Amino acid sequence: MKANWTIFMTMGLCAAVSATQIGNPEKYTFRASDNGSDVKAFVPAVGKDQVLTCYFTDQSDADNYMFVDFGSFPLAEYLPGGYLEVDSEIDNPILRMSLCVADPARFWPTRVVLNGEMPLKAGRSKVRFYLDELPDKAKDNPKYHLFLFLHDMGGKSRGKATLRVFNTRFVKSAPGWEKEKSDAYRAQYNWRKFPELGKYYRGKYDRLVPAAAVTGNPFVETISLNGEFDKSFVGDLTWNYGRLLNDTPARPGSPLARAKKVQVPEPETPDQPGGHYWYKRDFDLRKPASGRVYLQIEDLADTAELYINGERAGTLTCARRRNDWILTNSSRQTHLWGKPAREMMKFQHFERCGIAFPFNEKAIPDEDVLLLPILTGKYPWNYVYDITDLVKDGRNTLAVRLYNNPVRGYWIFRNGEARHHKGVAGIFGDVNLYVEPASAFLTLNPVAAGKVAEDGTVVRTISGKVRPGTAAVSADGHGLRVDVVPDREGKFSIPLTLPANFDRYRFSVNAKDKAGRVFDAQNVEFNGSVIEFRNDKLFVNGDPFQIRGVNGDLGIEWENDRTQTRRRWLNRLAFFKNLGFNALRLEGCTAEQIEDALQAGIMVVPVYASGSCNTTEVALGNLDKPDFQFITDPHEEMARQLNHCPNILFWNSGNENHPTAGYNDKVLMDRYLTVARERLRGADPDRRPVTYANLDTFGNFWFFTAGQDVLGYNSYQFIPEFKTLAANIYQRTKMPIVFCEWGFTENQTKGTRYRNENVEKWEKEMREKLSLMRQCPGVVGGFLFPHHGELEDVRGREFLQEIMAPFKLTCENDSIKFENQDVAPLRKVSLQLVSPDNVISSEWADELKPGRSMRIAFPADAKKIDALRLEIRFETHRGLNHSYTKMVNRIPGNR
């Protein structure tokens, strides 16, 4: 229900002579809540003093708001740093105020909120709303009006309030406006005081070396440190900041309190107490005069800090890390406002997901800002630590501070059979030292790939620098041996022509003397797949790739998100494969799941999304002085744990972060995304592209291109708005574009209702939106968010297969036509017509180019067509194997 009132008044003849009232008060209009809540919550009136008075009665659990339409203004003249000053008074501070711009004729599709909502303070005050976030489309567009937005605090009723607006005026930009804005907003929005928490949790990764380069070297000596360790459980120190920085237990000669003797590797024993453990042992070492010493712990749960002789060597993480900031009055769910951070943590991260709160509440500090580290799953950590400068000849001490996260379930981490769900804690892998004599290799660079040739091969280059006296360097592996002679500086470059595919390649790089004898070696491993952009079009292994993707994480209300076993995961993966999807976007995916997807012929986009769908301070923490290195630690860990997977298409650095009211966080987000990209690509030898899932805010201030190789966008727009977007987004950005989420409406409830109201209309609009996506310049595809109920019935599933499958089937009298409707060639195409007990006929094609077709005939004596099925097999992109089964009676056409 919508209500509009026109109120005749003269506003704000205030004491300040310089103040002027904007617009014509006689033409102000008021737009109250139109979402079903009580429109009588706001009652504006004009008193004898000609001041606008608004009486507000808060409604419990109702989203009450009102927009005051000031009219249209030439706002460009106030840029870049002009503002609107509002002089007002409120007796009970239960409202928030902000500015927005919109076209009144198309209000909701065009509305843009400026600066965010400011909680009003009791009494009278003058506040500023700066205009620097004004979208281009509204700067001098007479269709756009300026609105004052009044909004309740959400949740239970907070009583009544009277708001009086005395005066409004525009102030033009002046030099130094950026500092003035920060100073004004610091007071107006009551910027919180952020503690420096990152230093307690920050990772250390500067000593990491790929394990394959060391462990497979025949010239390296292996020294096992398996055996007896001292072990001490010291409790959960998550918020015991002083003890988190205390490294005294790591020092040689400092005994562990209440220690017991254990044998390492340990068995995986379930139901261990979550928290922090210290492990410690001494070892003797004959340190080489030259050469390197490395340490490896093959597996543990969940994460650990390693110390050699009391010095921190590095961080080891065998779980997926997610750092969530919990802040009082920060969540976009305003019913949580006013609750302590610890209460917000309990509800937001556990109770609403049906998960028992795993921490000791008494140990959680009563602070406005908390950091919740969550570590789940089992991940490989294929690295050794170069500890050469930390060890000494003789007796040394290894100490490990291990953290086993007590969180046994979390809605983005689905597998209830996973290790974290069982509550195991300890060191489960071998502990080894590797002693390498003076290496011939001064440097060995990541293997670089060129452009994939038409025949599907690509030149890989192994390069580096060797010491003087090295006569030759060879690369051996996969039936190849290539020898080169280093130049005078010791630099060498070995080109290898290899197939671009989804294999994992391993070569031994050997240093040889003048007699041809190998006197040193290092192994290099790399993925065979090549992800390229050519003229902003996506190619995988030399073939065009159009993303027909689906989001695999469907929200906390979906049962599979919390109870999914491995069997159910594999069933769901097969389900997506049979519908024709060729890519999955997954948060919290494991290396095992990515390998499963490869077997199903599916590419994967792993997502790190702390603060997803929430404000920037939930993702970044300290907005005053962000610790960008700390908040991007999980990005580096994700890439290090998964970079060996050849079917990763992109890295997704974040999802839908909203602005925090009153902060200049656009600049902070630009920096955050830039650093996240640097760390993802820096930890990935293949340097695969990075994307970020933008809100549906193209053309507005809150839109990001920074830190992205492919522009990510989440679109739930309907056709008219999407047509405008499709026509302009590439022209404005000149970047390849992926729709990380797409569909209609923003959640399952609304999406299902929209489809059920008129399924034919929904299907028509879905086809049109998908067609617009595929025709839009620069768009490489998208990931459907299937929350319209289309997965739950036969019609929906067949519709998805029709629009997503890379082929089209049609019955034409005595045959079935199979047409390639993908952008890439289909290779090794096999069609088999199968009855319940026999193969009736079959056809084969080595390659079927886009738009080409083949046929398989019905035998003349074929009976009981309803029992026949068509088995389809083919390969795309030189290693993605696909298989489909289609009942013949479900294929459209004439038989």
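**Exercise 1. Which residue in the turn between strand 51 and strand 52 has a positive phi?**

Solution. The model is predicted: local features need pLDDT of at least 70, side-chain atom pairs count only at pLDDT 80 or more, and totals for chains, interfaces and linings use all residues. Residues are numbered from 1 along each chain as its sequence is written, and side-chain values use heavy atoms, with hydrogens and water left out.

Step 1. Fix the terms. Helices (H or I, at least four residues) and strands (E, at least two) are DSSP runs numbered from the N terminus; two strands pair if DSSP finds at least two bridges between them.

Step 2. Locate the pair. Strand 52 covers residues 880-887 and runs antiparallel to strand 51, with eight bridges joining them. Arginine 869 stands opposite methionine 887 of strand 52.

Step 3. Read the turn. The two strands form a hairpin with three residues between them, and histidine 877 has a positive phi of about 55 degrees.

**Exercise 2. Find the other partner of strand 51 listed here and state how covered strand 51 is.**

Step 1. Strand 48 (residues 826-835) pairs with strand 51 in the antiparallel sense over six bridges. Leucine 831 has isoleucine 872 of strand 51 as its bridge partner.

Step 2. Buried means under 20% relative accessible area, exposed over 50%, and partly exposed in between (1.4 Å probe, protein chains only). Six of the eight residues of strand 51 (869-876) are buried.

Step 3. For comparison, buried residues make up 60% of the 895 residues in the protein chain.

**Exercise 3. Describe the sheet that contains strand 34.**

Step 1. The sheet is open, has four strands in the order 31-30-33-34, and its pairing is antiparallel. Its edge strands, each pairing on one side only, are strand 31 (480-484) and strand 34 (518-527).

Step 2. Neighbouring strands are turned by 20 degrees against each other on average, direction ignored. Axes here are lines fitted to C-alpha atoms, for helices over the stretch in contact, and angles run from 0 to 180 degrees between N-to-C directions.

Step 3. Strand 33 (residues 504-512) pairs with strand 34 over nine bridges; serine 508 has asparagine 523 as its partner.

**Exercise 4. Characterise the second largest pocket.**

Step 1. On a 1 Å grid over the protein atoms alone, a pocket is an open set with protein on both sides within 12 Å along at least five of seven lines, whereas a cavity is a set of points where a 1.4 Å probe fits but cannot get out; lining residues have an atom within 4 Å of a point.

Step 2. The volume of this pocket is about 1100 Å³. Of its 44 lining residues, Leu208, Val209, Pro210, Ala213 and Leu444 are the closest to its centre.

Step 3. Strand 34 gives the largest share of the lining, six residues. Among the other elements that supply at least two are helix 4 (212-215) and helix 14 (665-682).

**Exercise 5. Characterise the largest cavity and its link to helix 17.**

Step 1. The count is five cavities of 30 Å³ or more, and the largest has a volume of about 50 Å³.

Step 2. Its lining includes Arg548, Trp742, Leu770 and Met773. Strand 38 (547-551), helix 17 and strand 45 (779-784) each give two or more residues.

Step 3. Helix 17 (residues 759-775) also holds methionine 766, which is buried with a relative accessible area of 0%.

How values were computed:
Points joined across faces, edges and corners; volume = space filled by probe spheres on them.
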